[in-house]
Amino acid sequence: MAALRRKFGEDYQVVNTNRGASFPSAPVKKKRQRFVEKNGRCNVQHGNLVGETSRYLSDLFTTLVDLKWRWNLLIFILTYTIAWLVMASMWWIIAYIRGDLNHGHDASYTPCVANVYNFPSAFLFFIETEATIGYGYRYITEKCPEGIILFLFQSLLGSIVDAFLIGCMFIKMSQPKKRAETLMFSHDAVISQRDGKLCLMFRVGNLRNSHMVSAQIRCKLIKSRQTPEGEFLPLDQCELDVGFGTGADQLFLVSPLTICHEINPKSPFFDLSQRSLMNEQFEIVVILEGIVETTGG
């Protein structure tokens, strides 16, 4: 044993080749903080940005689409509730200023809105008008110009709110984010020989019968490095060739496929030994792009 240590150093394992003998388990790696989780979520938080909130609000539509569902539903409900209450209050104020509330059952009096006696009836009139229900019991009379103007404003504002919120919800529902749940990647990548060449390989498969149109795969090596000028790049991104020149990156994903990266002199893994490969701090991010056949997204 001492001779083995002198010859090979401390990094060696004794393997028993007898039949039925158990092989030593691979050393357990310490779990590291990932740059990109396996579910695609990036562990990046921005800090010390001036005017970050105003930048998000300037692109309000995209901000709403990116929010979680619970916040989208909350904003959806609150926006409609507040808009309905405000507009119903405006109809009630018009009836109150004109004195229509005091002549609710006077047949000889012509109100701004017929059969509006209090706030609940004003609210019901607004809902009937906004939802184009039209029961016919409450209606605007021709002797109320302020009511006609408010009706036009209500129609325009309602169309804008509906287009904004319903469009936001539609885009969010049509996003195929959960489509990634049925795209399976191999848990581990391996380095082995294929066609006489040393390759880094992993597998990808599609569980659904629907095809991914124009599927393309890319790989990024994220690793810290220092330039010859002494500049430290904490999250430098390097492209791994998975068949750009041969078209192997264009996938016909009807069955599980093995993706290969040839470790040649152009590969960032070419100068790494087995020991240095285990000790290096890097991460490989696989990006699979394509158009979902059923949704077109």
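A residue counts as buried when its relative accessible area is under 20%, as exposed when it is over 50%, and as partly exposed in between. The structure described here is a predicted model. This report takes up one residue of helix 6, then the enclosed spaces, the nonpolar cores, a strand hairpin, a pocket and two residues with positive phi.

**Phenylalanine 164**

Phenylalanine 164 has a relative accessible area of 30%, which places it between the two limits, so it is partly exposed. This residue belongs to helix 6, which covers residues 145-174. Setting aside residues up to four places away in sequence, phenylalanine 164 touches Leu60, Phe61 and Leu64. One of these partners shows how the chain brings remote positions together: phenylalanine 164 and phenylalanine 61 are separated by 103 residues in sequence, while their C-alpha atoms are 7.8 Å apart in space.

**Cavities**

Rolling a probe the size of a water molecule over the atoms shows where empty space is left. In this model there are three cavities of 30 Å³ or more. The table lists two of them together with a pocket that is discussed further below.

| Space | Volume | Largest contributor to the lining |
|---|---|---|
| Largest cavity | about 90 Å³ | helix 6, five residues |
| Second largest cavity | about 50 Å³ | helix 4, three residues |
| Second largest pocket | about 480 Å³ | strand 7, five residues |

The lining of the largest cavity consists of Tyr80, Ala83, Trp84, Met87, Phe126, Glu130, Gln154, Leu157, Gly158, Val161 and Asp162. Helix 4 (69-98), helix 5 (119-130) and helix 6 are the elements that give two or more residues to this lining. By type, the lining of the largest cavity holds seven nonpolar, two polar and two charged residues.

Around the second largest cavity stand Trp91, Ile94, Ala95, Cys112, Val113, Val116, Ala122 and Phe125. Here the elements with two or more residues in the lining are helix 4 and helix 5. What kinds of residue make up the lining of the second largest cavity? Eight are nonpolar, with no polar and no charged residue.

**Nonpolar cores**

The largest nonpolar core has 17 residues, and those that touch the most other members are Val204, Ile217, Leu251, Ile259, Phe269 and Leu288. Strand 3 (197-206) and strand 4 (212-226) each supply at least two residues of this core. Strand 4 gives the most, with five residues.

Leucine 251 gives a view of the contacts in this region. Apart from neighbours within four places in sequence, leucine 251 is in contact with Val204, Ala215, Ile217, Leu257, Ile259 and Leu288. A second, separate core has 12 residues, among them Trp91, Ile94, Ala122 and Leu150. Trp91, Ile94 and Ala122 also appear in the lining of the second largest cavity.

**The hairpin of strand 2 and strand 3**

Strand 2, residues 190-194, runs antiparallel to strand 3, and five bridges join the two. In one of the pairings, valine 190 has methionine 201 in strand 3 as its bridge partner. The two strands form a hairpin with two residues between them.

**The second largest pocket**

Strand 3 also takes part in an open space. The second largest pocket is lined by 23 residues, and Val242, Gly243, Thr246, Cys260 and Glu262 lie nearest its centre. Strand 3, strand 5 (232-240) and strand 7 (257-262) each supply at least two residues of the lining. The residues around this pocket divide into nine nonpolar, seven polar and seven charged.

**Two residues with positive phi**

Most residues other than glycine have a negative phi, and most peptide bonds are trans. Which values do asparagine 115 and aspartate 195 take? Asparagine 115 has a positive phi near 65°, and aspartate 195 has a positive phi of about 55°. Neither residue is a glycine.

Both residues sit in loops. Asparagine 115 is in the loop between helix 4 and helix 5. Aspartate 195 is in the loop between strand 2 and strand 3, in the turn of the hairpin described above. Is aspartate 195 buried or exposed? Its relative accessibility is 73%, which is over 50%, so aspartate 195 counts as exposed.

Key
Residues are numbered from 1 along each chain as its sequence is written. This is a predicted model: local features need pLDDT of at least 70, side-chain atom pairs count only at pLDDT 80 or more; totals for chains, interfaces and linings use all residues. Side-chain values use heavy atoms; hydrogens and water are left out. Helices (H or I, at least four residues) and strands (E, at least two) are DSSP runs, numbered from the N terminus. Buried means under 20% relative accessible area, exposed over 50%, partly exposed in between (1.4 Å probe, protein chains only). Contact means heavy atoms within 4.5 Å. On a 1 Å grid over the protein atoms alone, a cavity is a set of points where a 1.4 Å probe fits but cannot get out, and a pocket is an open set with protein on both sides within 12 Å along at least five of seven lines; lining residues have an atom within 4 Å of a point. Grid points are joined across faces, edges and corners, and a volume is the space filled by probe spheres set on the points. Ala, Val, Leu, Ile, Met, Phe, Trp, Tyr, Cys and Pro count as nonpolar, Asp, Glu, Lys and Arg as charged, and the others, Gly among them, as polar. A nonpolar core is a set of buried Ala, Val, Leu, Ile, Met, Phe, Trp, Tyr and Cys residues joined through side-chain atoms within 4.5 Å. Two strands pair if DSSP finds at least two bridges between them.
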